[in-house]
Amino acid sequence: MRISRIANVLGAICITASARAQSREVPGRDLLAFPIGLIAEPAGLPGTGGLGVWSPADAALPDGASWRGSLVALSTPSDLSMSAQAATLSHRVGAYTVYGSWLRAAVAGIYRTDSDPLTIGNEVPYATSVASLGAARAFGAHLTAGLAARLRTGRLDFDSRRSVALDAGVVADHLTPVDARVAIATFLASPWSTTAERASVSFAADARVSPAAARYRVRAGIASQVTQRGPTDTFANAALWIGGWDVHAGVALTDAYGARNTRSRLGLGFTYGKYHVGLAREASPADLGSSYQFALTTTWP
């Protein structure tokens, strides 16, 4: 989400490693600034992958499906050398969808330096992972809610820490004649260790802007994610579904520490049978190149 800010953070890592070790915050929170698993989609609203990462309500299975598996991989240019992977397995148990997810993000190529640019010693590890176990359920025709318990671990050099979080997400859909949706969700909300985590809250809303009887479907909306002691992201987005194809696009605005940047996001997906393949690209405002994502989702039986 905030590629330029990530670059600034990584550039200061080697200098501030000792000071960071004295902080109680779990390392690696900034690595989760990228929209991992979102194919140019807003956080909070149900996505094509149903990862349940940004909102537990996102994991709710569609009617007729008993299982769903999702895999995601994200890569960035060599200037950042950041990569991320995520996987989710969901299963219907009565009226509930129970799911487990795992996400890992890491940066490679950070080396120790002394008073000159020459590297000394081994590579400095900088990584974080989030393991989640949650459940979601539809309540009537207009409301879906979910809860997830999370364990996050982070490592920066020799400093390794962990924290627990309990997140919730709610989606109200099929509202008004234009099929409007409204969502709110938390990410890494940690009432037990408020100094260890910076929680995020996502707000999102969209509506159908195409005719109800059309063979295609177009939705447009706005989303915002606010991070405690951190940036605010606003994302204006639109999506088109026609045949087996879906196209997602939008412009994201980040307000971080008195600076603002805007960048584009573009996603393309194709559904074949019970499989959905998605590709996404996010531009960088600092000419560092674009990040790319690949996502594969399948439901069965």
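Colleague: Which residue in strand 3 is the bridge partner of Arg92?

Modeller: In this predicted model, Arg92 is partnered by Thr97 in strand 3. To see the pair in context, look at the two strands as a whole: strand 2 and strand 3 (residues 96–107) run antiparallel and are joined by twelve bridges. They form a hairpin with two residues between them.

Colleague: What is the phi of Gly94 in that turn?

Modeller: Gly94 has a positive phi of about 65°.

Colleague: How many bridges join strand 1 to strand 2?

Modeller: Nine, and these two strands also run antiparallel. You can find one facing pair by starting at Ser70, which stands opposite Thr88 in strand 2. The hairpin of strand 1 and strand 2 has six residues between the strands, and there Ser81 takes a positive phi near 55°.

Colleague: Where else should I look for a positive phi in a residue other than glycine?

Modeller: Try Ala40, whose phi is near 55°. Ala40 belongs to the loop between helix 1 (3–21) and strand 1 (67–75). Then go to Leu188, which is not a glycine either and has a positive phi of about 65°. Leu188 is in the loop between strand 9 (180–187) and strand 10 (200–208).

Colleague: Are those two loop residues buried or exposed?

Modeller: The idea is to compare relative accessibility with a cut-off: under 20% means buried. Ala40 is at 5%, so it counts as buried. Leu188 is at 1%, so Leu188 counts as buried too.

Colleague: Which peptide bond is cis?

Modeller: Look at the bond from Trp300 to Pro301, where omega is near 0°. Pro301 sits in the segment after strand 16 (291–300).

Colleague: Now to charges. Why can side chains of opposite charge pair?

Modeller: They can pair when their charged atoms come close. In this structure the count comes to 13 salt bridges. A good one to begin with is Glu25 with Arg229, at 4.0 Å from N to O. This pair links distant parts of the chain, 204 residues apart: Glu25 is in the loop between helix 1 and strand 1, while Arg229 is in the loop between strand 11 and strand 12.

Colleague: Is Glu25 buried or exposed, and what about Arg229?

Modeller: Glu25 has a relative accessible area of 13%, so Glu25 is buried. Arg229, at 46%, counts as partly exposed. The two also belong to a network of salt bridges that links Glu25, Asp30, Arg198 and Arg229.

Colleague: Which residue forms a salt bridge with Asp206?

Modeller: That is Arg219, with the closest N and O atoms 3.0 Å apart. Asp206 is in strand 10 and Arg219 in strand 11, 13 residues apart. Both Asp206 and Arg219 are buried, and for Arg219 the relative accessibility is 4%. Arg219 also meets Asp179 in a salt bridge of 3.1 Å, N to O. Here the partners are 40 residues apart, with Asp179 in the loop between strand 8 (159–175) and strand 9.

Colleague: Which side chains does Thr254 join in polar contacts?

Modeller: Follow the side chain of Thr254 in both directions. One polar contact, of 2.4 Å, joins Thr254 to Asp233. Another, of 3.0 Å, joins Thr254 to Arg263. Thr254 lies in strand 13, and its relative accessibility of 1% is why it counts as buried.

Colleague: Let us finish on the surface. Which residues form a nonpolar patch there?

Modeller: The patch is formed by Tyr216, Leu240, Ile242, Trp245, Val247, Leu266, Leu268, Phe270 and Tyr272, and together they have about 840 Å² of accessible area. The elements giving two or more residues to the patch are strand 12 (232–242), strand 13 (245–256) and strand 14 (259–272).

Colleague: Which strand gives the largest share?

Modeller: Strand 14 does, with four residues.

Colleague: And where does Tyr216 lie?

Modeller: You will find Tyr216 in the loop between strand 10 and strand 11 (217–227). At 36% relative accessibility, Tyr216 counts as partly exposed, because that class lies between the buried cut-off of 20% and the exposed cut-off of 50%.

Notes. Residues numbered from 1 in each chain as written. Predicted model: local features only at pLDDT ≥ 70, side-chain atom pairs only at ≥ 80, totals over all residues. Heavy atoms only, no water. Buried < 20%, exposed > 50% of the residue type's maximum accessible area, 1.4 Å probe, protein only. Patch = residues over 30% accessible without salt bridge, like charges linked within 9 Å, V, L, I, M, F, W, Y side chains within 5 Å. Areas by Shrake-Rupley, 256 points an atom, 1.4 Å probe, with all protein chains shown as cover. Salt bridge = Lys/Arg side-chain N within 4 Å of Asp/Glu carboxyl O. Polar contact = N/O pair within 3.5 Å; in protein donor to acceptor, adjacent residues only side chain to side chain. Pairing = 2+ DSSP bridges.
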